Amino acid sequence: MTSKTLYHQATFLLSAPALEHLPPDNGAEVAFIGRSNAGKSSSINAITGIKGLARSSKTPGRTQTLNYFRLDDQRRLVDLPGYGYAKVPLTVKQRWQQLVHRYLETRKSLKGLILIMDIRHPMKDSDLQIINWIGRCEIPLHILLTKCDKLSHGAASSVLRQVEQDLQSRPGALSVQLFSSLDRTGLEQAWAILNQWLP
Ligand code: GDP
C-alpha cells in the first residue's frame, strides 16, 4: 500500500532525545526538517490528514527530540527538531547540529529528507547547510516551499523557478515544489515523492 491511505494511518510512535533511543534501523523512513515556524508540523499534519499529530516547534518538550510516526511495520515518518531559533543558546544549537548531522550520516533506513521552507524566506543559511550535508550523504532531498497561499500565483512560481535554478548548481538528488497546508496545494505531488521513497 503506497497510496495516501498509508499516511492517513500514521500514529505517534516515540520521541527520541538521542540517537540511542531511535527505533530499530530497518525498513524505511522519511524525515522532515526545517527552520522553526516554517510550517513543518502543519505539513506533516496535512500529509497525514491528522490534525495535531505533529506539534508546532513552539510546543515545549518536543522541540529537541526526533519524533517518530509509524505508518506500518516497515515504514515511518520522522519529525526532526526545528532549527533557527535566534533565542536558543549556542550550546543547544551545537547539540542540535551534532544530533541531526549524526542522524543523517548514520541512519540506514533514511530514504529521503523533506526540507520545509517558508516560501517568503527561502534558502536561509541554515537551509543551505542542510542541503550541503545531504549532498554528501547521498540521500535525496525534496523541498516544500510552504505557505504558498500567502503569495500570488505569479510570485510563488517565480520563487519556485529561482530555487530550482539554485539547486541545479549543487550536488545531490535535489527537488522542490510549491506547498500549502492551508489550501492543500501540492499535496498529491508530495505524496508521490513519499511513495517513491517508501515503496
Ligand atoms: P513549525 O514550527 O515549522 O512546525 O511550524 P507550524 O506548522 O507550527 O506553523 C507555523 C505557523 O505558520 C502557524 O501559525 C501555522 O498556522 C502557519 N502555517 C503553517 N503552514 C501554513 C500554510 O501552508 N499556509 C498558511 N497561510 N499558514 C501556515
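Q: Where does K147 lie in this predicted model?
A: K147 sits in the loop between β6 and α5.

Q: What makes the phi of K147 stand out?
A: Most residues other than glycine have a negative phi. K147 is not a glycine, yet its phi is positive, about 60°. N37, in the loop between β2 and α2, also has a positive phi, near 80°. E138, which follows α4, has a positive phi near 60°.

Q: How do you know that the length of α4 fits the expected span?
A: The expected span is 1.5 Å times one less than the number of residues. Helix α4 has 13 residues, and the expected value is 18 Å. Its first and last C-alpha atoms are 19 Å apart, close to that value.

Q: Why are S126 and W133 of α4 called buried?
A: Buried means under 20% relative accessible area. S126 and W133 are classed as buried, so each falls under that cut-off. D127, I130, I131, I134 and G135 are buried too.

Q: What do the buried residues of α4 pack against?
A: They pack against β2, α3, β5, β6, α5 and β7.

Q: What makes a set of residues a nonpolar core?
A: Its members are buried, of nonpolar types such as Ile, Leu and Tyr, and joined through side-chain atoms within 4.5 Å. The largest such core has 38 residues; Y103, I143 and L145 have the most contacts inside it. Elements giving two or more residues to this core include α4 and β6. A second, separate core has 26 residues, among them A10 and V30.

Q: Which residues does I143 touch?
A: Beyond four places in sequence, its contacts include L115, M117, I131 and V163.

How values were computed: Residues numbered from 1 in each chain as written. Predicted model: local features only at pLDDT ≥ 70, side-chain atom pairs only at ≥ 80, totals over all residues. Heavy atoms only, no water. Helix = DSSP H or I, 4+ residues; strand = E, 2+ residues; numbered from the N terminus. Buried < 20%, exposed > 50% of the residue type's maximum accessible area, 1.4 Å probe, protein only. Contact = heavy atoms within 4.5 Å.
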